[in-house]
Amino acid sequence: ARPDIRGAAPVGRPSYGPPTWQPGTQPAAFTGPELAAAARLVREPAHLLSVPGRGTGLGLGVGGRIGPGRGSGPTVVATLPPLYPEWLGDRSFTETHQVRFPYIAGEMATGIATTGLVTAMARAQMLGFFGSGGLAPDRIEDAVRTLARDLADRSNWGVNLLHSPGIPALEEATAAILLRHPVPRICASAFMTITPAVVRCAVDGLRRAPDGTVVRARRIFAKISRPEVAEQFMSPAPAAVLRTLAARGEITAEEAELAAGIPIAQDITVEADSGGHTDGRPLGVLLPAVQATRDQVVARFGYREPIRVGAAGGLGTPQAVAAAFALGAAYVLTGSVNQVSAESGQSGPAQAMLASAGIADVAMAPAADMFELGAKVQVLRRGTMYAARAGALYDAYRQHPSLEAIDGPARARLERDVFGATFDDVWARTRDYWQQRDPGQLDRASHDPKHRMALVFRWYLGSSGRWALAGATDRRADYQIWCGPAMGAFNDWVRGSHLADPANRSVVQIALNLLEGAAVHTRFQQLRACGLPMPVARFAPRPLEPR
Ligand code: FMN
């Protein structure tokens, strides 16, 4: 049959022309404050309107109704779809890790990232890593047991596996604990090369699914700050390490074979200038470099599954988080700012110091591990003398062959201003400590006076972190608190908002506010790029009260 065309638009009433917009509850926005308010409604479609003769000729319509191109009303030039914080990162990240948000609360050593922090993040459908670094194996195992019990029905939580070059047995013991319990995610950090402990964690439990894909028993994240280290984690486990582990019976022949075709880690966190150990690189330099490495490695090995690159370091404001996603980060990870959360294991007095820090109140200071090599960590400078005092110890260590060679006035200064005790007292305490932990250190110190001096100086570096954690009132000026400039940026952002009150500062509220603000900032930027005159003064999103 021939189509009946009698229903077409009547002659004389053409419906050509761009669609028009009819407001709902909100009128169209044209001025700075109106645009800022409308742009915050990120979960609504945003219509870019052409209104000749009005301001710049461009306006913004949120909500309302779009009709055919006849009748009155501003015409719609383009429409931006809703923008949810959930969608800022890589969708395969949220899917793979069974989370709603592409956001991680990073591990913080000595249990500062507590089991409570990890549990809160998991229940809020994000990810958190327990800070196992610097803890004895029995304390790590207690924490792992607690997490495995409390989060038995979830896979969105994990524990840090910190590289321990000085005491390899510690790294091995931690790996053994993580393998003994159902830990679904492990973050390997501080590695320069791939060790057998990392490979065991990645390879144990690999199996082939009926469709041919390789199924992992747990997933490895790697935190890195150099492309060449990232490349090792993106590659399959080294054949020599696989052979050694198989020969030792620590992995099966089948696991070794499957491991040869998949990357060790599919989630690589690029850590720019951060609290604690850091190479101090800017995110804008490092992230694209590691993304390029990823592209080369994926092409070289022809992987079927993606490798995601996430961002950490310096993320303390919504703008910084939005910038990380704009750079292409699959997910973001925060550290310093979570130290002032209600769930943090850091002491009240130390948190108060952190909460008053500005962006420049940080310094690089000697690290307790690898002190002799001159390794440094980024710490809080405001309210504590740790950076200056530990720096004086390192200078003395470099300049003198032994404690005895430090002359009277210099020695008196160190004893009075740094230790608050004599060298002899500190040596006595140090001796007791190593007697219990590793008497070999004392043997070496007995014929190597420089090593004896290092052990005495390291007493201060080790104790200063513990004094902060304990909130020791007589040692406030010696607190060693790891912290990056993100802390000061966060403090500026939350000033005068509900997040300035420690009682409101849960790790989840911090995360949700950073993500919400990042979505608003992203929308501002989209609209600005479309030509709307977005108000510069109102660009920074404010923290929102929980509903
Ligand atoms: N990263 C680790 O991989 N292992 C750790 O044990 C560890 N401890 C940390 C302790 C503190 C107090 C802080 C502030 C950071 C620590 N980090 C550790 C780094 C964080 O997990 C995170 O990568 C980093 O803090 C992100 O940078 P930001 O501080 O600028 O947010």
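Let's start in the barrel, where Ala 105 stands opposite Gly 128 in strand 7. Next to this spot, Ile 104 stands opposite Leu 127 of strand 7. Keep in mind that you are looking at a predicted model.

**The barrel**

The two facing positions belong to strand 6 (residues 103-105) and strand 7 (residues 127-130), which run parallel and are joined by two bridges. They are part of a closed ring: eight strands form a barrel in the order 6-7-8-9-12-13-14-15, with parallel pairing. From one strand to the next, the twist averages 30°.

Is strand 7 covered on one face or on both? Both faces are covered, with Leu 127 and Phe 129 buried on one side and Gly 128 and Phe 130 buried on the other. This fits a simple rule: in a regular strand, side chains alternate between the two faces of the sheet.

Helix 7 (residues 227-234) lies across four of the strands, namely strand 9 (185-189), strand 12 (219-224), strand 13 (267-271) and strand 14. Relative to strand 12, helix 7 runs at about 170°.

**Helix 11 and its buried side**

Now turn to helix 11 (residues 318-326), whose buried residues are Pro 318, Val 321, Ala 322, Ala 324 and Phe 325. These cover an arc of only 155° around the axis, which puts them on the same side of helix 11. What do they pack against? Their partners are helix 10 (283-301), strand 14 (308-312), strand 15 (332-334), helix 18 (486-494) and helix 19 (507-529). After helix 11 comes Gly 328, which has a positive phi near 105°.

**Aromatic pairs**

The structure holds 19 aromatic pairs. Such a pair is described by the distance of the ring centres and the angle of the planes. Here are two of them:

| Pair | Geometry | Centre to centre | Angle between planes |
|---|---|---|---|
| Phe 191 and Phe 233 | edge-to-face | 6.1 Å | 80° |
| Phe 221 and Tyr 331 | edge-to-face | 5.9 Å | 75° |

Phe 191 sits in the loop between strand 9 and helix 6 (196-203), while Phe 233 is in helix 7, so this pair links distant parts of the chain, 42 residues apart. Both Phe 191 and Phe 233 are buried.

Phe 221 lies in strand 12 and Tyr 331 in the loop between helix 11 and strand 15, so their pair ties together parts that are 110 residues apart in sequence. Phe 221 is buried, with a relative accessible area of 1%, and Tyr 331 counts as buried at 0% relative accessibility.

**An aromatic cluster and Leu 393**

Further along the chain, one aromatic cluster is formed by Tyr 386, Phe 419, Phe 423, Phe 457, Trp 459, Tyr 460 and Trp 467. Leu 393, located in helix 13 (residues 386-399), is a handy place from which to explore. Leu 393 counts as buried because its relative accessibility is 0%. Which residues is Leu 393 in contact with, leaving aside its neighbours within four places in sequence? The answer is Phe 371, Leu 414, Val 418, Phe 419, Phe 457, Tyr 460 and Leu 461. The C-alpha atoms of Leu 393 and Leu 461 are separated by 9.4 Å, although the two residues are 68 residues apart along the chain.

**Charges over rings**

Two last sites are worth a look. Arg 54 lies over the face of Phe 30, at 4.0 Å from the ring centre. The charged end of Lys 450 sits over the ring of Tyr 397, 4.6 Å from its centre.

Methods. Residues are numbered from 1 along each chain as its sequence is written. This is a predicted model: local features need pLDDT of at least 70, side-chain atom pairs count only at pLDDT 80 or more; totals for chains, interfaces and linings use all residues. Side-chain values use heavy atoms; hydrogens and water are left out. Buried means under 20% relative accessible area, exposed over 50%, partly exposed in between (1.4 Å probe, protein chains only). The arc is that of the directions from the helix axis to the C-beta atoms. Contact means heavy atoms within 4.5 Å. Two strands pair if DSSP finds at least two bridges between them. Axes are lines fitted to C-alpha atoms, for helices over the stretch in contact, and angles run from 0 to 180 degrees between N-to-C directions. Rings of Phe, Tyr and Trp (its six-membered ring) pair if their centres lie within 6.5 Å; planes under 30 degrees apart count as stacked, over 60 as edge-to-face and the rest as tilted. A charge sits over a ring if NZ of Lys or CZ of Arg is within 6 Å of the ring centre and within 35 degrees of the ring normal.
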